[in-house]
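Please open the structure in your viewer and keep the selection panel at hand. The tour below moves from one selection to the next and says what is found at each stop.

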Amino acid sequence: MDCTQRQPKTSRSEEMLRYARNQEVMHMNVKLLGMEGDPDLQFLLQGGDLLKVRSPSWKKTRYYRLQEDCKTMWHESKKTFRTKQTFSLDDISAVRVGRQSEGLRKYTEEQVDGRCFSIIFKGRRKNLDLIASSEEEAKQWVNSLQKMVSNMNNLSSQQKTEHWIFSCLVKADKNKDDKLSHSEVKNFLRLINIEVDDNYAEMLFKDCDKSKSGYLSGKEIEHFYSLLTHREEIDVIFGEYAKTTDFMSPENLVEFLMKEQREKTTLADAHKIIEKFEPDQKAKEKKLLSKDGFLMYLHNPEALVLNSEHKDVYQDMSQPLNHYFISSSHNTYLMEDQLKGPSSTEAYVRALLKGCRCVELDCWDGSDDEPVIYHGYTLTSKILFKDVITAIKEYAFKTSDYPVILSLENHCCVEQQAVMAHHMSSILGSALVTSPLGDGMPTNFPSPEELKGKILIKGKRLNKLEASFAAEEAAADDPDVTEEEESNDEDEQKEEEKSKKKKLKLAKELSDMVIYCKSVHFHSFEDARENQSFYEMSSFKEGKAVNLAEESANAYIHHNVDKLSRIYPGGTRTDSSNYNPVPLWNAGCQIVALNFQTSCTDMDVNQGRFLINGKSGYILKPAYMRDRASEFDPITLTRGDWLKHKTLHVMVISAQQLPKVNQKKSSIVDPLVKVEIYGVPADVAVKETGHLENNGFNPQWNDNFQFDVYVPELAMVRFVVEDYDSTSDNEFVAQYTLPFNSLKMGYRHVPLLNKNGDLLPSAGLFIHIMVMDAE
């Protein structure tokens, strides 16, 4: 149905004007996206009817169409014709064809599988489950949406800024006459997160209103845009090196790269940069770099604050598995809190796509002999064990090829354990490790490289790997203890012993699948050293683990040279809050499990730790944490190879296009920037800029900070933008965290992530970094 038929009645001339204007807006956005004449884009702009699915009884037809900004999808009801803006393409995490979502599997029949698809959103927003009228139409929707999302993601920083600003200009033009009045200019400034006083707004308006008409149009709006996006700090830097003309020569560029950016470079490299980033063809032919080309180069991914050589897998992946920090999730099935929140296979998908390599499955007896996963003795919803294994099979190696560990919290009867073993064997197939690699009994862990594409089971087993297996049913080594009860404090342990619990029996089929990660109770480091095999590992509640890390750090490090340790949140964290993983990494603990569903500083730091090495979920521990004779202690910091005292100089120069914390038009952020160092206790520090009032668009600070970093291999740097509030806690705006040793020096843009860890398309910080050996 044509969208113009859905509008309220207007005169023919008004319809024609509106149509012409919408076509112009659309053409400008299509051109910006480089998709002129693209059939997939045309399909979305035309739109069509889809069946929206929420439950078995709630399935309603909605008309979906991409708006002229080529960024926003809206729908309207066929019965009420009530139009509603639904979502931005920026909010889409993935588009999945078929009945892959829990909702579609629950509420639709198998025969409509080819007509189904789901739109998966970033953050906690629920999936949008849809059914098209035919399989061909479903494929067209999926392909078209995937192409648009991909194109949006691949826009350069400058293109994203232009697209965003242009969309704000269109919104600000209230009467849709392609002109901006004085009040509309003020409205536009608020939309882009900047508040200016009336005098400055008047001055800006008059400067651009060359025609003295009282409004801005055409070239005047272009001039207004150029004034807004002008980067004074870039002028200064560029002017330092383009001394004789308005352009940098290749020699000027080499000087800048070597002196400021501390990069080894040649004239040939400079020529390549000019060829790639200079937008002016005449300048490019003369082998010159303009200010615009210079800014485009500074925005390119290779020139950002993260060392581009660390983006792909660059570490030695042939070391034993326990020599790596491993990205790990606790109660992976939960989407929200630990008491009444929903469980979902989608939670596993999201964790795995974030590079998580150890996920937890809390298994209980279900109806119809089908084991379920949920947080036992709570109101959290239940999901089928086999559905979780299917989701893991599908998504385990999308982000990383390196091994996934399934941490089983087993509460099932023997019969349903056998069902679990069957599901894992039949669904995971050859990916599941069911016997040691190589010939004979192993004496050490295989490496992540050797385990590529493999899935390991962590759980209880009947006896030692070396021994022949026992009967079909037998008690485990410590049958009264389930996984997360293993590290209870002594008093709690006594209480457990008093309780009359039914002995947990193990099915041989399930026990046989535990090869490299056998769960055992921890008694002491000495006991573990004398009695535990390398593949026997313990889980530690955060409180006990932190105490060990503070009081016996060196002993903990020695323990983790030979064995794996898993840490998990304390039981009081019913809100799914997290703990600081850094002290546990400092003690060499590999599997520090966090609640991935909870956005917080601790998760930011976790994602920052695993940002590098191809987001593989494995980070090689420093050599002094892999050495049995190591004397390293993060608390006392005695002299050794780990002491590489560095001085970090950070200049926070400016920010660009910060998002609004409060979406009200009148709400403008008062931004400040914090620079935080995480690592050994001696390195932990925080420094912050002053706050700037009413400017989230282009604030400038030019504040300098200095930090001492003693153990750089374990240090992390976090840049945090907050909205200052004098009466209460500041509000989080954005952040970016990365390892200290992955910083690039010089003038660098810092991409910014929102609270869910998703990239903010146009936002960023501009800083100067210098790392020097301390005297």
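The stops that follow are a cavity, a pocket and a pair of helices, all in a predicted model.

Begin with the enclosed spaces: a search of the whole structure finds 2 cavities of 30 Å³ or more, and the second largest cavity has a volume of about 30 Å³. To display its lining, select Leu50, Tyr64, Met73, Phe87, Phe117, Ile119, Leu130, Trp141 and Leu145. Within that selection, β6 (116-121) and α4 (135-153) are the elements that give two or more residues to the lining. By class, the lining of this cavity consists of 9 nonpolar residues, with no polar and no charged ones.

Turn next to the second largest pocket, whose volume is about 1,200 Å³. Among the 44 residues that line this pocket, those closest to its centre are Glu102, Gly103, Asn127, Asp129 and Ser344, which can be selected to centre the view. The elements that give two or more residues to the lining of the pocket include β1 (48-53), α3 (102-107), α14 (345-353) and α15 (385-395). Colouring by class shows 14 nonpolar, 12 polar and 18 charged residues in the lining of the pocket.

Finally, select helix α10 (residues 250-259) together with helix α11 (residues 267-277), which pack with their axes 9 Å apart at an angle of about 105°, and are therefore roughly perpendicular to each other. For the contact, show Pro250, Glu251, Leu253, Val254 and Leu257 of α10 against Leu267, Ala270, His271, Ile273 and Ile274 of α11; by class, this contact has 8 nonpolar, 1 polar and 1 charged residues.

Definitions and conventions: Residues numbered from 1 in each chain as written. Predicted model: local features only at pLDDT ≥ 70, side-chain atom pairs only at ≥ 80, totals over all residues. Heavy atoms only, no water. 1 Å grid on protein atoms, 1.4 Å probe; cavity = no way out; pocket = protein on both sides within 12 Å on 5 of 7 lines; lining within 4 Å. Points joined across faces, edges and corners; volume = space filled by probe spheres on them. Helix = DSSP H or I, 4+ residues; strand = E, 2+ residues; numbered from the N terminus. Nonpolar A, V, L, I, M, F, W, Y, C, P; charged D, E, K, R; others polar. Axes fitted to C-alpha atoms, helices over the stretch in contact; angles between N-to-C directions. Parallel < 35°, antiparallel > 145°, perpendicular 65-115°, else oblique. Contact = heavy atoms within 4.5 Å.
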